[in-house]
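Colleague: I'd like a close look at a single part of this one, namely its interfaces. Please take me through them in plain terms.

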Amino acid sequence: MATSVERRVEPVVRRRFLPTIDVQGIGFAATLASICLLIIILMGIFAPLIATHDPILMDPTQRLKPASNAFLLGTDAYGRDLFSRIVYGARISLIVGVGAAIISVAIGLPLGLLAGFFRILDAILMRIMDGLMAIPSILLAIAVVSLAGASLWTVLVAITIPEIPRVVRLVRSVVLSAREEPYVEAAIAVGSSLPKVMWRHLVPNTLAPLIVQGTYICASAILIEAILSFLGAGVGTETPSWGNIMSEGRVYFQLKPSLIFWPGLVLSICILSINLLGDTARDLLDPRLKQRGGEK
Amino acid sequence: MSEPIVEQSVPVLRIEDLTVETSGARPAPILNGISLEIGGGETVCLVGESGSGKSVTSLATMGLLPKSALAVCQGHVLLEGEDLLRASAARLKELRATRMSMIFQEPMTALNPVLTVGYQIEEVLQAHSNLSSLEQRQLVMEMMEHVHLPDVKRIHGSYPHQLSGGQRQRIMIAMALILRPKLLIADEPTTALDVTTQRQILKLIRELQSELGTSVLFITHDMGVVADIADRVCVMHNGRIVEEGSTNAILRTPRQDYTRDLLTAVPALTPREPRNETSREAILEIVDLVKIYSTKSLFKPRRETVAAEKVNLMLRRGRTLGIVGESGSGKSTVARCAMRLIEPTSGSIRVGGQEISNLSRSALHPYRKRIQMIFQDPNRSLNPRLTVGESITEGPVNYGLSKSDAIAKAKELLELVGLPADAIDRHPHQFSGGQRQRIAIARALAMEPDVLVADEAVSALDVSVQAQVLDLLDDLQERFKVAILFITHDLRVAAQICDDVAVMQNGRVIEYGPAERVLQYPQQEYTRELLDAAPGKGWDFPNFRPLPANTPTGSFNQ
Amino acid sequence: MFGYFLRRILAAIPVMAVVALFVFLLLRLTPGDPAAIIAGDMATPEQLERIRVTLGLHQPIHVQFITWVQRLLSGDFGVSLLSNKPVTTLISQRLEPTISLALLTIFLTIIISVPMGVLAAWRHGSWIDNMVMSASVLGFSIPVFVIGYILIQIFALNLGLLPVQGFTSISKGVVPFLERAILPALTLASIYIALIARMTRAAMLDVLGEDYVRTARAKGLDEKIVLFRHALRNAAVPILTVIGTGFALMISGVVVTESVFNIPGLGRLTVDAILARDYPVIQGLILFTSGIYVLINLLIDLSYAFLDPRIRY
């Protein structure tokens, strides 16, 4: 009897009956979001080819022109082509978004792993993170930019700092719950070293939530960059960024709303697309939903 | 066993051809047209293994199926002749608690943690009666006394987390029966409880039932509980009722193979013949082991919990030592200290004569492989992201075996535990619970340990699978002469596999000796109580007969 | 319960200490001469010297920190480089519009988002749920100032129902106050509503799957009672937590909204300080808002004791 093989597949008892996800619905939104995002990315990469004018060339004779064949979306108060400025603006937003996501994960992941595994470090690290979380991220970014001067690099640092505590907390909480898993104890019992246990059994658990968190950070970084530029604390005013365009357009808002409307629209679509992809990733990677897949 | 009072009028509950499927694009059947009937004052047990559909039957009756996941396709559920499947939502709401009630497996999660238990019972009266709040309170207090809760005033204002498991289940029963419903559905109500508590709760249900004339649909996986409580039994398997009959008939003369298998798989309470002593070598010695958990806090008095107190145990090569006890007795603490998964407060642990309790992490490394563990829940003890091969070879590779040798060894071990060698490239979720536990055993054996620590290693498994895994362990022990420290709450399992038994209570070993002596002629009151509380102890299930009445431990119904 | 309170209160102290240390180090660790950074490129030597004296930059760094903290504790947040007024005065002058706007926003947020979330969770997977989730993704994605301008365009310019910008104190009457405050409050609330509706939905979904909700239904209770008495009470802790942490989000929104709607509050003070590189004011604002944030979260932590008996005992 001991060698008899159980061929029968035991139906897994589901403690909670999870509703089936509407794959079709998610598929549509996610597809649309991917297409929008792809367009924006291509726009950024091939900006010199797509733009019809030099985005920083001022022409006092062409101030605040309406949309026409020459100027697809019209011109701003300095006679610069709005369309070309928006095309170039994608570069700043994408660099800031992707950069902030990568840097904050690269710093937050090791810190979170350490905090999750070593109690003493945990106490100290989490106090520091709590403190950082208490500072409203815009104010923190403003302080950094106003001290270190406006540049893309400063803005990136300023936006990344407040995101790090969120990554650290996330990784830490995943590690704390994963290390209670019997398979981690089993790994310790078969003599695996601490780094091996972390790398093989804990880090993979953080991957899925980090991908999701990374997309959210990307979206929020783009948003904050736009706000900083809007407030005059962003990348230098000479750089065309969506926030800068809107900031300069404020004065003429009642006269020419399109100066805020177009960059605002592109910005919103960009952030919306990233957020939707994040939601989709979360639904797909949700461990509870994943278990359902494993049942088959 | 008292005679059932069967009335010949309309049955209290009658289920006809009930079919339930999963909802969604590809419906899969969960219940395939089941029919059953419960008369007035009768207790009918639905017994079956996990996934047989017993809980779905009960939820469908109450109208509590999760709508997004499961849907009733056809059939009738008649409560005193009224079809519940066709009743309006408002009517169902009216019937719940007044005509039919339900109690659940986990009394901790089934009670709302942020409301007092007294209030939660009162809610039933608020919803279904016009009593004044004073009368409500009065009635709740009475009902709480009725279910034999002590210090009713205090408990009335308590929150669930302040009560014990047994008390919580009594609250659930009080809540279910306060309006004297005709039907009580009890879904594994004692599975999460210790045996002694289980016995009291079963007794209470029986007592209230005869007093109030309630009919009970009792769902359980445990044949012992069936023997103790049921008038009639329905055996479920894969969404069908495969056999039905009076308890006596089912236990004595089962007609279906499936029922016979279920009964044969229940381990007997009589201890096994001890294995021949092949060696006097003490492979694991635990001396004066103490484990104290203390919570340090600036503003709270320092709280100390003694999880293990001066525990002394000794295990010889090729033998099995069982540690039995109820939850919180400290049995797992001892096992985990022996594994050095937690640090003992004091005392010594010797593996093959080597003291390991005070070794540093790196000094411990060479001794780790000599003592290996099998965990309770095979779903969680294997990393779902790793293949079976990666899990099994992790240990040997840590101790210097080459990757290819480790894989060859893993394949051998898989065949040894009864799995095909090609299982090595698959992931844990592709296996059943029993198969996963076999993989976990292979992983432990890959280290060529002297001692295996099995912490409730078969508790999460269905009884038929449990029997196979126990046989496998027995087989492997014979072959490798490995010593096993077997932690279990189940005396039947202990009786089947252990040569020696230590009974633990509140962190202490209160009785320790050969299984034969401890389980048949217990010296301690507590051991006797444990044995006495084992459900169905009057029956010898594998041989389809009651045990002779003169067993030394007495009988349940007295 | 007293022990719990005391522990929470004491736990807030290191958080504030970290904030103070961070703000202090920010200026000192930025490459370059702090005085020159603050004064800008056009500063005269006299101006630089004056800044060095005000900030005590001559002293060793730990002495600087101690004197700085001592001053903070005695209520001295420094002096604005621009107007020479004490930072505390500047902040207290601008406090009223911001606080009245924030309170209105929180009120709007809670009465809109919590029912939205509860409904979405209750009708999980239905069109209501989809609507709520879509609205919340939108709220997250459209920048606050864009929402502000859209609202101005529609309600003030196109429909002419409300004034475009400005602020009227509530002391001059509730209606005039609301007329000017409702658009900025809605603007500010958009992201907050998105956040809390989402969280409410998630927390309610978790709770609705719990056994005790099944028990409540098995007792034949009304669905309203099941939802609000049994489910929402248990979901309250995570929801409140997000209301607390989301407060930081609102402070960020205030800065933008006030400049869109031309409201003379703390946000405008921030923007003016940025443009003038008035570092003492920025520093004071960070310390002040962080302090408020910590205080609010402390109050929320304390309220758990009333919501969850497991914390109380």
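Modeller: Happy to! Glu181(A) and Arg380(B) join their side chains in a salt bridge, with N to O at 3.3 Å; the term stands for a side-chain nitrogen of Lys or Arg within 4 Å of a carboxyl oxygen of Asp or Glu. Across the interface of chain B and chain A, the rule finds three salt bridges.

A word on the ground rules. This is a predicted model, so local features need pLDDT of at least 70 and side-chain atom pairs count only at pLDDT 80 or more, while totals for chains, interfaces and linings use all residues. Residues are numbered from 1 along each chain as its sequence is written, chains are lettered from A and ligands numbered from 1 in the order in which they are written, and side-chain values use heavy atoms, with hydrogens and water left out.

Back to chains B and A: there are 34 residues of chain A in contact (heavy atoms within 4.5 Å) with 46 residues of chain B. Together the two chains bury about 3,700 Å², with 51% of it on carbon and sulfur atoms; buried area is the accessible area (1.4 Å probe) lost when two parts are put together, summed over both. Of what chain B buries against chain A, 16% comes from Arg380(B), Arg385(B) and Glu394(B), more than from any other three residues. So Arg380(B) appears both here and in the salt bridge with Glu181(A).

Residue pairs in polar contact number 14 here, both partners at pLDDT 80 or more. That term means N or O atoms within 3.5 Å; within protein, one must be able to donate a hydrogen and the other to accept it, and residues adjacent in sequence count only if both atoms are side-chain atoms.

Now the other interface. Chain A brings 47 residues to its contact with chain C, which brings 48 residues. About 4,000 Å² is buried between chain A and chain C, and carbon and sulfur atoms give 74% of that. Leu139(A), Leu147(A) and Leu231(A) supply 17% of the area chain A buries there, more than any other three residues.

The rule finds one salt bridge across this interface: Asp279(A) meets Arg198(C), side chain to side chain, at 2.6 Å, N to O. Five residue pairs are in polar contact between chains A and C, again both at pLDDT 80 or more.
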